[in-house]
Amino acid sequence: MWAILATILPVFLLIIFGYGIGRSGFLSVGQVQGLGRYVIGIALPALLFQSLRSHPIGEVIQFDYLLIYALGSLCVYAVIFAWFRNRGANLQQSAVRAFGAACSNAGLIGLPIMVQLFGPKGAIPVALNMLVENVVTTPLTLSLLHAAGRKGRAFQVVLEIAGKLCRTPLVIAILAGIVFSLFSIPIPSVLARPIMLLAQSAPPVALIAIGAGLRSVPARHKQGDIAIIALGKLAMHPLLIASLLFFFPLADANWQKACLVLASMPMVSIFPIIAAQANDEEVCGSALFIATALSFFSIPLAIWASGADVLAGVMP
């Protein structure tokens, strides 16, 4: 367990450092948002592209992994959505709260941990997770958010949103990495080196940006709702994934470990931004704050339960 804590401690120290920067006012809200845009739009796409293109296609595409993670995430989404609808929340609030419980922060928090656990190949399951979230759960949520004013056009709304998400730098980088891997397309060193430098900047800048974005103190009202969202993400999501893996184990044990560990991450950092479209950013922002703090305990527990060898640093 001490080896596990030593693995994740640097990650959370950078988050705490970023939180201190945000609270001190050293970086303005706009500057923190700029850091986040740099990571999401430039550095993280470079890292995912580099990781995917440099491995054989057989190691990149894992359809059983995609199916298990998508199914587990959708089950969590359905349960949390139904819970809040039954408790009187409107359609939009229920959708964004379910989104928070079902979408892991694989790119910004999960990536540095996965690389420490599994080496460079640890970025591959991160890319697959983000593909599921950009193609399945995010379009579903945004479609429900816009459903009220566009009744009868739900399928068209889903297609429009999915089309926009597929044009984002993250999805383009993932798809490009798969194509380069599939056809073994080489990249000249004069281009490969800058891509590598951008990729190396992603983990530290991302963690600092996450911490700096957690500048708000959790709300003192609606604590029950906040707790349900946080527990849904940190407890229900990994438990459902673990149950699916028990009944439908993946062929490669390391992919099973990766799936469980990534499910234990807190929700994505854009959670309050999406929640603002439902006028629910206070509750969802508080849930993000709480879940990120508690993930210091959920992540090592998931690593321990999965049996991931923190000393190996290799994903065969």
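Is I185 buried, exposed or partly exposed, and what is its relative accessible area? In this predicted model, I185 has a relative accessible area of 31% and therefore counts as partly exposed, since that class lies between under 20% for buried and over 50% for exposed.

**View 1. I185 and a nonpolar surface patch.** I185 is found in the loop that runs between α9 (169–182) and α10 (189–213). Together with V179, L182 and F183, I185 makes a nonpolar patch of about 360 Å² on the surface.

**View 2. F248 in the loop after α11.** F248 is located in the loop between α11 (223–247) and α12 (253–263). With a relative accessibility of 52%, F248 is classed as exposed, because the cut-off for that class is over 50%. Between the C-alpha atoms of F248 and V136, which stand 112 residues apart along the chain, the separation is 21 Å.

**View 3. The span and bend of α11.** The 25 residues of α11 should span 36 Å at 1.5 Å a residue, and this agrees with the 35 Å that lies between the C-alpha atoms at the ends of α11. At G232, α11 bends by about 40°, and G232 is also one of the buried residues of this helix.

**View 4. The buried residues of α11 and their cover.** Besides G232, the buried residues of α11 are D225, I226, I229, A230, K233, L234, H237, P238, I241, L244 and L245, a list that includes the charged-type names D225 and K233 as well as I226 and L234. The cover over these buried residues includes α4 (63–86), α5 (91–102), α12, α13 (271–275) and α14 (281–306).

Technical notes. Residues numbered from 1 in each chain as written. Predicted model: local features only at pLDDT ≥ 70, side-chain atom pairs only at ≥ 80, totals over all residues. Heavy atoms only, no water. Patch = residues over 30% accessible without salt bridge, like charges linked within 9 Å, V, L, I, M, F, W, Y side chains within 5 Å. Areas by Shrake-Rupley, 256 points an atom, 1.4 Å probe, with all protein chains shown as cover. Salt bridge = Lys/Arg side-chain N within 4 Å of Asp/Glu carboxyl O. Helix = DSSP H or I, 4+ residues; strand = E, 2+ residues; numbered from the N terminus. Buried < 20%, exposed > 50% of the residue type's maximum accessible area, 1.4 Å probe, protein only. Expected span 1.5 Å × (residues − 1). Bend = angle between axes of the 7 residues up to and from the residue. Contact = heavy atoms within 4.5 Å.
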